[in-house]
Amino acid sequence: MSRVSYVNGRYLPHAVASVSIEDRGYQFSDGVYEVIAVRDGNVVDLYPHLLRLDRSLHELRITKPMDHFPLGAVVREVVRRNRVGDGIVYIQVTRGVARRAHAFPKHIAPSLVVTARNLAPPSDAARSNGVRVISTPDIRWGRCDIKSISLLPNVLARQAAAEAGVYEAWLIDEDGMVTEGSASNAWIVDQAGNLVTHDLGPAILGGITRAALLDACRSAKVKLVERAFSLDEARNAREAMVSSTTAFVLPVVAIDGRSVGDGTPGPVCRKLLELYHQHLQDELGANAIGIKARRPLSKSKASA
Ligand code: PDD
């Protein structure tokens, strides 16, 4: 079966789907994106992802290409046409096509692309044995809260991780603090037993998985603190993990080749895996009974 992608109003064979060479995404990285998980053909956390997309568009003053309802319909249709069971949907919106000039062109329509593909969820081995990370300087810009398609520093960091044979690279700011991973949020369990992840702000992307986990942890009364933590603190932490749309939650058992805790996934991480599994079940259940419009995120999360 050949893939089908959506480009500016049309469903096209993926192999010929394209945008102009004068698309500002291509020339300036002038655009934003979302990656959304698909489980058993269901789109997970669609509404929070669409809210984050709106926020990224708003921050860059890019026109919204579509309202949530029609965009949700396109997303589901691309999933259906590609027969995605477990996988991802990718949404990209750029400012549009115009003769190359840095300042915003007037009166152009945004470009919207939606693709989807099958992708295996994290392996049982990764979930039960954990993954390893390296650290690398965070050389990104000052607005990492915007899910911009300008990902060169993230690409370089993930390449360094690949070359080191590990899952992820944790990004370290000038003060020695861990901001997040190249494509995931970073978590530790500190020496006091608190679950810790960087607070929201321009230094990190407010992950949708992060928000779902925080919600679940609050309900389950897991002790948690949103604050920055240093690389040193992470190396001496009891436990560590990463979260993202594609990783869900994974235990981190080594940082820069040194074991975290006893080098095996700990109890808090196992709890997070369980809570996230429950969240996925709830999402599938909500889709099954036709609850399409999920409740809005609280203000703090919508501004993530
Ligand atoms: N990345 N931080 C960064 C820099 C990210 O790129 C991502 C997601 C996250 C986690 O966010 P979420 O839980 O909403 O996926 C954090 C996606 C998966 C990607 O670029 O492929």
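**Note on the ligand site**

1. An oxygen atom of the ligand lies 2.6 Å from an N or O atom in the side chain of T209, and readers should keep in mind that this distance, like the others in this note, comes from a predicted model. The protein covers 90% of the 480 Å² of accessible area that the ligand has on its own.

2. Two further side chains deserve a look in the structure. A polar side-chain atom of E180 is found 2.6 Å from a nitrogen atom of the ligand, while R52 places a polar side-chain atom 2.9 Å from an oxygen atom of the ligand.

3. Which residues come nearest to the ligand? Of the 19 residues around the ligand, these are Y33, E180, I208, T209 and T245; the residues of this shell divide into 5 nonpolar, 10 polar and 4 charged.

4. It helps to trace the shell back to the elements of the fold. At least two residues of the shell come from each of β3 (31–39), β9 (177–181), α6 (208–219) and β14 (239–244).

5. Where does the ligand sit? The ligand occupies the largest pocket, and because both domain 1 (4–119) and domain 2 (124–286) give residues to the shell around the ligand, the ligand lies between these two domains.

Definitions and conventions: Residues are numbered from 1 along each chain as its sequence is written. This is a predicted model: local features need pLDDT of at least 70, side-chain atom pairs count only at pLDDT 80 or more; totals for chains, interfaces and linings use all residues. Side-chain values use heavy atoms; hydrogens and water are left out. A residue is near a molecule or strand if one of its heavy atoms lies within 4 Å of it. A polar contact is a pair of N or O atoms within 3.5 Å; within protein, one must be able to donate a hydrogen and the other to accept it, and residues adjacent in sequence count only if both atoms are side-chain atoms. Accessible areas come from the Shrake-Rupley method with a 1.4 Å probe; for residues, only the protein chains shown count as cover. On a 1 Å grid over the protein atoms alone, a cavity is a set of points where a 1.4 Å probe fits but cannot get out, and a pocket is an open set with protein on both sides within 12 Å along at least five of seven lines; lining residues have an atom within 4 Å of a point. A molecule sits in a cavity or pocket if more than half of its atoms lie within 2 Å of its grid points. Helices (H or I, at least four residues) and strands (E, at least two) are DSSP runs, numbered from the N terminus. Ala, Val, Leu, Ile, Met, Phe, Trp, Tyr, Cys and Pro count as nonpolar, Asp, Glu, Lys and Arg as charged, and the others, Gly among them, as polar. Domain bounds come from an automatic or database domain assignment.
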